[in-house]
Amino acid sequence: MTDQTLTRDLFNEVMVPNYNPQTIIPVRGKGSRVWDQQGNEFIDFAGGIAVNALGHCHPRLVAALKDQAEKLWHLSNVYTNEPALALAKKLTELTFADKVFFANSGGEANEAAFKLARKYAYDNFGPEKNEIISFTQSFHGRTLFTVSVGGQQKYREGFEPVPGGITHCPYNDIAALEAAISDKTCAVVMEPVQGEGGIICGDPAFIKRARELCDQYNALLVFDEVQSGVGRTGKLYAYMDYGIEPDILSTAKALGGGFPIGAMLTTDKIAPSLGFGTHGSTYGGNPLACAVANEVVDIINTPEVLAGVLKKRQRFEDGLNAINEKHQIFTELRGKGLLVGAALKPEWHGKAAKFLAAAREHNTMILVAGPNVLRMAPSLIIPDEDIKAGLAGLEKGIADVVAAGPDA
């Protein structure tokens, strides 16, 4: 039984209005399906914004959490713990990294990454080497530092003055990056696939050139893989598709499969700049979170799951192309793996949220990436029948919006 006094209207009474949630209140999930208070069933193409990488209540994750819950919940970082050590060992064995810092979210992982980049430059080259280059339409979190590095002005307005020494270049523009970088640059920060910015993939030549320029100017290349990491693109991390390695990488979202965790990965060369007492996180490395994340990585980092991501991507593309043949609303499909973007035609710009709400009315949960792109980031193991059912609901929602017209 659900508590019917806990309504969407209550949200407006008791919660700060920075969110505007949908009218339904989900109460239960299993796999790629979710049920609301009234028992209505939905196909989940949203995945908690690329978080529920193994769907809802995956039995192995539930078992890992229950097992750890009977042992140890929290210690603080005055001590270490076995799940954190096991996860750090796993991440360093599977990636470029030698060292790991645990946090609670992608924003915290990025905060640590940006602080480390500046501290490394300070330690090795002096205080004048402090400038960070980021990219327009990027998104790196909601702390004051991360929102300043992020390339969307709307998230900074009203919070000024923001940290300085940050430059924003057009994404995928090699000439602009070449013009901006200098001996004062301490880091170039990028998402290999821009998420909030519209599901834009980094061009391989652009990413390769960024690596070369960072090497030339003794700057660090920082990859924000909060959304693209942990199997989302068909590789454990997206950088693995580009033939280069970053110096620092942030990961979160899918890493915990729904349990809050973030991590910053880096190398033996760079890690010493976060020496004792320079940075911290009360809950970072929490045993519950790390126990779940260990299981997440074990499940996802298999040939079956990673290859399956690419096969399921094709099913989404085929279905969305069929929808577009009928309704003519998309200009292109974007993204990699199961980070899927469908860019709306100009006459539908600013209307992405209408499609989200309409899809929900037909029992499909999707996302938007800004006002002009529909975004889907489902479970990496979503059954094919759920893809088919969800796309059918999405098509019905799109038909409703199209019938009403762009000015409705």
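Helices (H or I, at least four residues) and strands (E, at least two) are DSSP runs, numbered from the N terminus. Residues are numbered from 1 along each chain as its sequence is written. The model is predicted, so local features need pLDDT of at least 70 and side-chain atom pairs count only at pLDDT 80 or more, while totals for chains, interfaces and linings use all residues; side-chain values use heavy atoms, with hydrogens and water left out.

**Exercise 1. Locate His-140 and describe its surroundings.**

Step 1. His-140 lies in the loop between β5 (131–135) and α6 (144–149).

Step 2. Buried means under 20% relative accessible area, exposed over 50%, and partly exposed in between (1.4 Å probe, protein chains only). His-140 has a relative accessible area of 3% and is therefore buried.

Step 3. A polar contact is a pair of N or O atoms within 3.5 Å; within protein, one must be able to donate a hydrogen and the other to accept it, and residues adjacent in sequence count only if both atoms are side-chain atoms. The His-140 side chain has such a contact with the side chain of Asp-224 at 2.7 Å, and another with the side chain of Ser-138 at 3.5 Å.

Step 4. Contact means heavy atoms within 4.5 Å. Setting aside residues up to four places away in sequence, His-140 touches, among others, Gly-106, Phe-114, Met-190 and Asp-224.

**Exercise 2. Carry out the analysis for Thr-251.**

Step 1. Strand β11 (residues 248–251) contains Thr-251.

Step 2. Thr-251 counts as buried because its relative accessibility is 0%.

Step 3. The side chains of Thr-251 and Tyr-237 form a polar contact of 2.9 Å.

Step 4. Beyond its neighbours within four places in sequence, Thr-251 has contacts that include Ala-109, Glu-225, Tyr-237 and Leu-265.

**Exercise 3. Determine which residues of helix α11 are buried and what covers them.**

Step 1. In α11 (residues 352–361), the buried residues are Ala-352, Phe-355, Leu-356, Ala-358, Ala-359 and Arg-360.

Step 2. Their cover includes the strands β3 (41–44), β14 (339–344) and β17 (373–376), as well as helix α12 (384–404).

Step 3. Just after α11, Asn-363 adopts a positive phi of about 70°.

**Exercise 4. Characterise the protein chain as a whole.**

Step 1. The chain holds 12 helices and 17 strands.

Step 2. Of its 408 residues, 53% are buried.

Step 3. Among contacts with a separation of 6 or more, 71% join residues 24 or more positions apart.

Step 4. The C-alpha atoms fill a box of roughly 60 × 55 × 45 Å, taken along the principal axes.
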